[in-house]
Amino acid sequence: MTRQQLAFLRSDADETLFGGAAGGGKSWAQLIDALIYALRYAGSHQLLLRRTMPELERSLVRVSLTLYPQAVGNYVASAHRWRFCNGSELEFGYCDAESDVVKYQSAEYDVIRFDELTHFTRFQFTYLLSRIRGANGYPKLVKGTTNPGGVGHDWVKRRYIDALPPNQPVPFDGRTRLFLPAKVQDNRFLMARDPGYLDRLRQLGEHERRALLEGDWELTKGRFFPEFSRGTHVIAPCAIPGEWPRYLSIDYGLDMLAALWIAVDPRGCAYVYREVYESGLIVSAAAERLRAAEGPDERIRQRFAPPDLWGRRQETGRSAVEIFAQHGLYFDKSDNRRVTGWLAVKEYLQPQPDEQGILTPHLRVFDTCTQLIRTLGALMADSADPNDAANRPHELTHAPDALRGFCATMRADTPARREERDEVDAFLAYF
């Protein structure tokens, strides 16, 4: 047993992630740890998850049949679970679609284990945490194993890799989290029995090699905006000159209000200087939240909202933009074309030479706009259409959609519309 495998078995942190390179013995440690817990705590219930059932059956289930002694329990294939002689159970489960988590709604588990945690969305993970409960006094734990990559790569990286020093339990809101990095070289048994394994990993493509051989969490493959870079596009807040026109672009739903305030300099470069990212707001509350975010003397030249907010709502007979208008917020329709809009965002991100010939992007984001920075960098490409961004995880789409509305509308602007806005500005300035 390797040092990191032993640390995983000994960990009593509320959440433990054993992650990194392939071949570190992570799944084996997960199964051994589950067996030890089941035998130590009679009548305990554990859930071991993969994203799909076929993945479970050809990996963890098959290994457990050779690893677990028949004297301590038996595997019930029809129920997908081990039943042990002391009344404990280890259930194998899956969550292919996001909605699959509801099938565990009434369940109670002492431990939930995730194999390949990065294959799960943050919503699935958070929902399943609520199923860890019970009055038996047994330790209530989350234990995960994973390689870098997958739909959940970014939230797992933020929760465990970016936030935690390796090998040290850290308290968070009364709970503890532990990240144990995995390296293939730690598994001396695999190295001795299969010396060619490292060479096969070295022959993979760059992305797969970095993830599986090096356990590198700084991956960009599959990102819709690989050109987006903190070093290039994110800046510290600075004063916005009063003469620069300012815009507001929103994406709104009850699940999330994403609002971006953007100033444009004389060269046409855009600066995202403020954001609101908040869920659970009805339209009137969203309007008040936007008004509260703006300064009392702040002049917004134009506000953009997606066309669907002009539809009248059955429960009120009014559209969302009508309710916004009642609160003093007047919106114009943004250009909601997806592919055209994403191309416009990419144009803004692309560095262009300035007057001195220095390459600078046409979009900068203040580092206080943390949600736009996070979601724009994490947004994935649609596997069925490389020209479009993926709609899942949906939580990642809101702020980028608000930015898309601004970029697409500004790129579609015409001289006549600009002249009309200038006349309005002059009129307002007069008063």
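The following paragraphs describe the secondary structure, sheet arrangement, nonpolar cores and selected contacts of a predicted model.

The protein chain has 431 residues, of which 50% count as buried. Its secondary structure comes to 15 helices and 20 strands. Among contacts between residues at least 6 apart in sequence, 67% join residues at least 24 apart.

In the N-terminal part of the numbering, strand E1 (residues 15-20) runs parallel to strand E9 (residues 175-182), and six bridges join the two. Within this pairing, Leu17 has Phe179 of E9 as its bridge partner. Strand E9 is also joined to strand E8 (residues 170-172), here in the antiparallel sense and through three bridges. Pro171 is bridged to Thr176 of E9. The hairpin formed by E8 and E9 has two residues between the strands, and in this hairpin Asp173 adopts a positive phi near 50 degrees.

Helix H1 (residues 3-10) contains Phe8. The relative accessible area of Phe8 is 0%, under the 20% limit, and Phe8 is therefore classed as buried. Apart from neighbours within four places in sequence, the residues in contact with Phe8 are Thr16, Phe18, Ala29, Gln30, Asp33, Arg113, Lys143, Gly144, Thr145 and Leu180. For one of these, Ala29, the C-alpha atom lies 7.1 Å from that of Phe8, at a separation of 21 residues along the chain.

Helix H4 (residues 122-129) and helix H5 (residues 153-161) have axes that come within 9 Å and cross at roughly 55 degrees. This angle makes H4 oblique to H5. Arg122, Phe125 and Leu129 contribute to the contact from H4, and Trp155, Arg158, Arg159 and Tyr160 from H5. By class, the residues of this contact are four nonpolar and three charged, with no polar residue.

A further set of strands forms an open sheet of seven, in the order E10-E18-E13-E12-E11-E14-E15 and with mixed pairing. Strands E10 (234-235) and E15 (332-333) occupy the edges; each has a single partner strand, so one side of each is left without a neighbour in the sheet. The pairing of strand E14 (residues 302-305) with E15 is parallel and consists of two bridges. In this pair, Phe304 is placed opposite Asp332 of E15.

Two helices that pack on this sheet are considered next. Helix H13 (residues 370-378) touches E10, strand E12 (256-264), strand E13 (270-278) and strand E18 (363-366), and the direction of H13 makes about 95 degrees with that of E13. Helix H14 (residues 398-411) touches strand E11 (246-253), E12, E13, E14 and E18, and the direction of H14 makes about 40 degrees with that of E12.

In soluble globular proteins, nonpolar side chains tend to be buried together. The largest nonpolar core of the model has 65 residues, and Ile250, Leu290, Phe324, Leu403 and Phe406 are those with the most contacts inside it. Strand E12 gives the most to this core, with nine residues. Leu290 touches Leu248, Ile250, Leu257, Ala259, Trp261, Phe324, Leu329 and Phe331, when residues up to four places away in sequence are not counted. A second core, separate from the largest, has 23 residues, including Leu17, Phe125, Leu128 and Val156. Of these, Leu17 is the residue bridged to Phe179 of E9, and Phe125 takes part in the contact of H4 with H5.

Technical notes:
Residues numbered from 1 in each chain as written. Predicted model: local features only at pLDDT ≥ 70, side-chain atom pairs only at ≥ 80, totals over all residues. Heavy atoms only, no water. Pairing = 2+ DSSP bridges. Helix = DSSP H or I, 4+ residues; strand = E, 2+ residues; numbered from the N terminus. Contact = heavy atoms within 4.5 Å. Axes fitted to C-alpha atoms, helices over the stretch in contact; angles between N-to-C directions. Core = buried A, V, L, I, M, F, W, Y, C linked by side-chain atoms within 4.5 Å. Buried < 20%, exposed > 50% of the residue type's maximum accessible area, 1.4 Å probe, protein only. Parallel < 35°, antiparallel > 145°, perpendicular 65-115°, else oblique. Nonpolar A, V, L, I, M, F, W, Y, C, P; charged D, E, K, R; others polar.
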